Amino acid sequence: MSYVTNAHTHLELTTLARLCPKHPTAFLPWLTRVGWEIRHLARDEILSGIAQGIAELKACGTTHVGDITHTWLSVEPLLASGLRGVVYLEVLGLERKRALERLREAQSAIDTVRRHPDYGAMQVGLSLHAPYSCHPDLLRVGAQWCRAEEVPLCIHVAESRFEVEWLLHRELSGARRVFAPLIPALGMMPARVPRQRPLAYLAALGVLEARPLLVHAVHVTQAEIALIAAARCAVVHCPRSNHLLGCGRMPLENYLAAGVTVYLGTDSRASSPDLSIHAEAQFACQLHRGHVPEQQILALVHRPLEHPL
Ligand SMILES: [Zn+2]
């Protein structure tokens with residue numbers, strides 16, 4: 001059987017396709033807008049977007065998907081969809097008590113889904129949103145639980161320069177400085193600055209021991225790629241989203257040279273023009289021309305997403 005995997009979507013954002021930039025834009029204002037809009041969506045709007053997203057995935061021959069759901073509403077439609085892969089329940093928060101409470105709710109929901117008699121082809125996992133949006137104890141405890149219970153884990157990491165600067169210094173440099181006032185609106189004011197780069201921070205918290213699926217991982221040093229390889233984590237590359245959100249080119253050739261497993265993903269319709277992983281792969285071929293042979297990129301689409309990765 002030939003597999004076709006789109007390893008990173010947020011199907012619940014399909015209804016926000018109008019927010020997808022036509023040209024490269026800045027990451028923080030886009031994130032603020034999406035964060036605001038999703039809080040004002042009606043449940044029915046989200047569900048119809050999820051159904052539309054599933055239909056779009058099937059129309060382009062997708063067999064496996066890695067979907068993140070903040071509202072947890074895509075779990076049931078995906079379990080019933082006939083698609084394989086993983087749906088990750090997302091948790092975030094910098095306020096320790098509330099974040100850990102939300103984690104417990106997610107753990108309970110995941111346990112319930114895993115006990116369902118029809119559970120199988122579509123696995124359920126946990127998503128800890130990102131190093132800048134999660135309290136360190138949420139990252140530590142969530143990852144420990146995933147490791148102990150063999151629950152798939154997924155994290156957005158090193159997506160933008162903002163994230164690297166924010167974790168290192170809690171301040172932005174150059175042109176990004178004008179976006180600093182947006183940060184309190186996103187609830188991203190950690191009490192303690194890690195003063196570490198994103199991957200080093202996750203490694204120090206023990207998060208990489210749960211072998212999370214790492215989404216984006218664009219802004220990485222060679223030493224961080226070595227950390228990812230040593231921890232046997234896989235990464236998801238979403239080149240069109242990275243391009244449109246001004247996040248730059250992931251050093252794909254360095255990951256492949258280090259033996260890291262790489263998947264391709266479209267990301268959500270709010271930062272991708274469609275959910276076709278074939279269109280994503282074509283864009284990746286252009287982007288990495290001269291760095292990675294086309295055949296090697298096209299082959300990434302056919303790796304099935306099944307935990308353990
Ligand atoms: Zn994402």
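**Exercise 1. The burial of His156 and the metal site**

Determine whether His156 is buried or exposed, and establish which metal ion this residue coordinates.

*Solution.* In this predicted model, His156 has a relative accessible area of 5%. A residue is classed as buried when this value is under 20%, so His156 counts as buried. The next step concerns the metal. His156 coordinates the zinc ion through NE2, and the other donors are His8 (NE2) and His10 (NE2), with distances of 2.0 to 2.2 Å. Along the chain, the donors follow the spacing H-x1-H-x145-H. The pair His10 and His156 links distant parts of the chain, the two residues being 146 residues apart. His10 lies in the loop between strand 1 (5-9) and helix 1 (27-39), whereas His156 belongs to strand 5 (residues 153-157). The burial of His10 can be stated in the same form: with a relative accessible area of 11%, His10 is buried.

**Exercise 2. The overall form of the chain**

Decide whether the radius of gyration of the chain agrees with that of a compact globule of 309 residues.

*Solution.* For 309 residues, a compact globule would have a radius of gyration near 19 Å. The chain has 18 Å, and therefore agrees with this expectation. Further descriptors complete the picture. Taken along the principal axes, the C-alpha atoms fill a box of roughly 50 × 45 × 40 Å. The secondary structure comprises 12 helices and 8 strands, and 55% of the residues count as buried. Among contacts with a separation of 6 or more, 74% join residues 24 or more positions apart.

**Exercise 3. The surface and the charges**

State how much area the chain exposes, and how far apart the centres of its positive and negative side chains lie.

*Solution.* The exposed area is about 13,000 Å², of which carbon and sulfur atoms supply 52%. There are 30 positive and 28 negative side chains. The centres of these two sets are 4 Å apart.

**Exercise 4. Two buried residues**

Locate Trp145 and Ser272, and identify the residues that each of them contacts.

*Solution.* Trp145 is part of helix 5 (residues 136-149). With a relative accessible area of 13%, Trp145 is buried. Leaving out residues up to four places away in sequence, Trp145 touches Gln107, Ile110, Asp111 and Val151. The C-alpha atoms of Trp145 and Leu126 are 9.8 Å apart, with their positions 19 residues apart along the chain.

Ser272 is situated in the loop between strand 8 (262-264) and helix 11 (277-287). Its relative accessible area is 0%, so Ser272 is buried. Beyond its neighbours within four places in sequence, Ser272 contacts Cys20, Arg240, Thr266, Asp267 and Glu280.

**Exercise 5. Backbone geometry**

Identify the peptide bond that is cis at Pro308, and describe the phi values of Arg195 and Arg232.

*Solution.* The cis peptide bond runs from His307 to Pro308, and its omega is near -5 degrees. Pro308 lies in the segment after helix 12 (294-299).

Arg195 has phi near 55 degrees, a positive value in a residue other than glycine. This residue occupies the loop between helix 6 (161-169) and helix 7 (198-204). Exposure requires a relative accessible area over 50%; Arg195 reaches 55% and is therefore exposed.

Arg232, likewise not a glycine, has a positive phi of about 55 degrees. The loop between helix 8 (222-230) and strand 7 (234-237) contains Arg232, which counts as exposed at 54% relative accessibility.

Key. Residues numbered from 1 in each chain as written. Predicted model: local features only at pLDDT ≥ 70, side-chain atom pairs only at ≥ 80, totals over all residues. Heavy atoms only, no water. Donors = N, O, S within 2.8 Å, 3.2 Å for Na, K, Ca; no water. Helix = DSSP H or I, 4+ residues; strand = E, 2+ residues; numbered from the N terminus. Buried < 20%, exposed > 50% of the residue type's maximum accessible area, 1.4 Å probe, protein only. Rg over C-alpha atoms; globule rule 2.2 N^0.38 Å. Contact = heavy atoms within 4.5 Å. Areas by Shrake-Rupley, 256 points an atom, 1.4 Å probe, with all protein chains shown as cover. Lys, Arg positive; Asp, Glu negative; His and termini not counted. Charge placed at Lys NZ, Arg CZ, Asp CG, Glu CD.
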